[in-house]
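Please open the model in a viewer and keep the sequence panel at hand. The tour proceeds from the whole chain to single side chains.

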Amino acid sequence: MTSFTRSDAAQARLHELVPGGAHTYARGSDQYPEGMAPVIRRGRGARVEDLDGNTFVEYGMGLRSVTLGHAHPAVVEAVTQAVAEGTSFSRPTHLELAAAEDFLERVPGADMVKFTKNGSDATTAAVKVARAATGRPLAAICRSHPFFSTDDWFIGTTEMNAGILPQHLTTTVGFDYNDLGSVRDLLAAHPGEIACFVLEAATALAEPEPGFLEGLRDLADQHGIVLVLDEMITGMRWSSGGAQAVYGVTPDLSTWGKALGNGVAVSALAGRRSLLELGGLSTDRPRVFLLSTTHGPETIGLAASLAVSRVYREEDVVGTMERQGTRLAEEVNAASRELGLQDHVAVIGRPSCAVFTTKDHLGRPSQAFRTLFLQELLQRGVLGQSFVISAAHTDEDLDLTVDAVRGALPVYARALEQGGVEGLLRGRPVAPALRSLAEPRRLEVRR
């Protein structure tokens, strides 16, 4: 049996020092089987090693930010050179110009770009400039999509909204994906109040139906609303130009992050000059405090983004992810069908961003059955809350993964036969990352 002794000790200490035991809720130990949350020491390609010396094929690498693989040579070289030449100065660097030119060449619908360090800041800045441009208070978000920002305007819409002032709970309204009727209803309910539409153009599980994005674009134009596309996940994973390039709809603003730097911290707000200059020097209107951060232009992130862009130009990164993701889905689904489990365990979604289903004996999505599946994959050398792939996943990595699934499925079948995971799952089930209470399990820490 795989040992997690050192990882468990490190995780216990993290809970004493870091709220939640991790710096991102999705990375928390409550998202993994109890006592089986590896603390990572290093990674290369699609493999990682934990403190106990266990190695895993990893999926959803860096919360879907690593598309080229860990420690990619081109990124390592660019970052190393940037560090050696200085990382932060009192004036802009040549990399700010180079990165802006490169980004705008890849995203031709955008006139300007501003870099920062995380996606939440970029998306909040988009909402702020939309409100300033329109003079309207409301942000309309796609409530079918899980996450847009850590800031109050969005977190106030989630269950985890303690500490949010009451007035912030009324500044964000919602519509449904692929449902223009819900958008029209929202416009009728809030005439002249909506500043922006904020959504992902697509997700792993949902592609835009014919006419939806185009219809949303038309409604935005008709009502003077700013259309914001969140490209945090789709950017560099659907194409180097993002989902907007795939679906042919140009937003007024778009926000980028994650794969932009292959896991190195860099994100961006891009879009129309007339909007972004409200935070610049070429405007006669009251200026927007758009994005002004000490570390936004540091050279490491910008050098990484340039290196990633160069790899995308030289190699078919997205094509590789699509090809390997398709093979993985086909082989896992074949293994599931062989045991008659295809209605319970299946790989679904876009091949470059695939997830797996884990349903119980009644056919319902189940956190307990999901935890059991994660447990059995971890025991067999696979780490991942999904099967979101990278261009670094080799055929050997996929072979190991399919073998791990084949080993996990008989255990899953036994749980289905007995109507639950009792006696098979060691510990408590995983829980939603964004939830109001720490239960179902409170963590014990030394005082």
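The stops below begin with the overall fold and then turn to selected charged residues.

**Before starting**

This is a predicted model, in which local features need pLDDT of at least 70 and side-chain atom pairs count only at pLDDT 80 or more, while totals for chains, interfaces and linings use all residues. Residues are numbered from 1 along each chain as its sequence is written, and side-chain values use heavy atoms, with hydrogens and water left out.

**The whole chain**

Display the chain as a cartoon: 14 helices and 13 strands are present. These elements are DSSP runs numbered from the N terminus, helices being H or I with at least four residues and strands being E with at least two. The C-alpha trace spans about 70 × 55 × 50 Å along its principal axes. The radius of gyration is 22 Å, which agrees with the value near 22 Å that a compact globule of 447 residues would have; the radius is taken over C-alpha atoms, and the globule rule is 2.2 Å times the number of residues to the power 0.38.

Next, switch on the surface. The accessible surface comes to about 20,000 Å², and 52% of this belongs to carbon and sulfur atoms; areas come from the Shrake-Rupley method with a 1.4 Å probe, and for residues only the protein chains shown count as cover. Of the 447 residues, 53% count as buried (buried is under 20% relative accessible area, exposed over 50%, partly exposed in between, with a 1.4 Å probe and protein chains only).

Among contacts with a separation of 6 or more, 72% are between residues 24 or more positions apart, contact meaning heavy atoms within 4.5 Å.

**Glu200**

Select Glu200, in the loop between strand 7 (194-199) and helix 8 (212-223). Which side chain of opposite charge is nearest to Glu200? It is Arg64, 6.5 Å away, and Glu200 is buried yet has no salt bridge. Here Lys and Arg count as positive and Asp and Glu as negative, with His and the chain ends not counted; a salt bridge is a side-chain nitrogen of Lys or Arg within 4 Å of a carboxyl oxygen of Asp or Glu. Leaving aside residues up to four places away in sequence, Glu200 touches His145, Pro146, Phe148, Tyr177, Asp230 and Ile233.

**Salt bridges**

The structure holds 19 salt bridges. Select Glu49 and Arg42, which form one of them with the closest N and O atoms 2.9 Å apart. Glu49 is partly exposed at 22% relative accessible area, and Arg42 is partly exposed at 47%.

Move to helix 4 (residues 94-106), where Asp102 and Arg106 are four residues apart and hence separated by about one helical turn. Their side chains meet in a salt bridge of 3.5 Å, N to O. Both Asp102 and Arg106 are buried.

**Helix 8 and its network**

Now select Arg217 and Asp221 in helix 8, again four residues apart, about one turn of the helix. Their salt bridge brings the closest N and O atoms to 2.8 Å. Are these two residues buried or exposed? Arg217 is buried, with a relative accessible area of 13%, whereas Asp221 counts as exposed at 51%. Add Asp252 and Arg272 to the selection: with Arg217 and Asp221, they are linked in a network of salt bridges.

To finish, draw a C-alpha to C-alpha distance from Asp221 to Leu374: the two residues are 153 residues apart in sequence and 46 Å apart in space.
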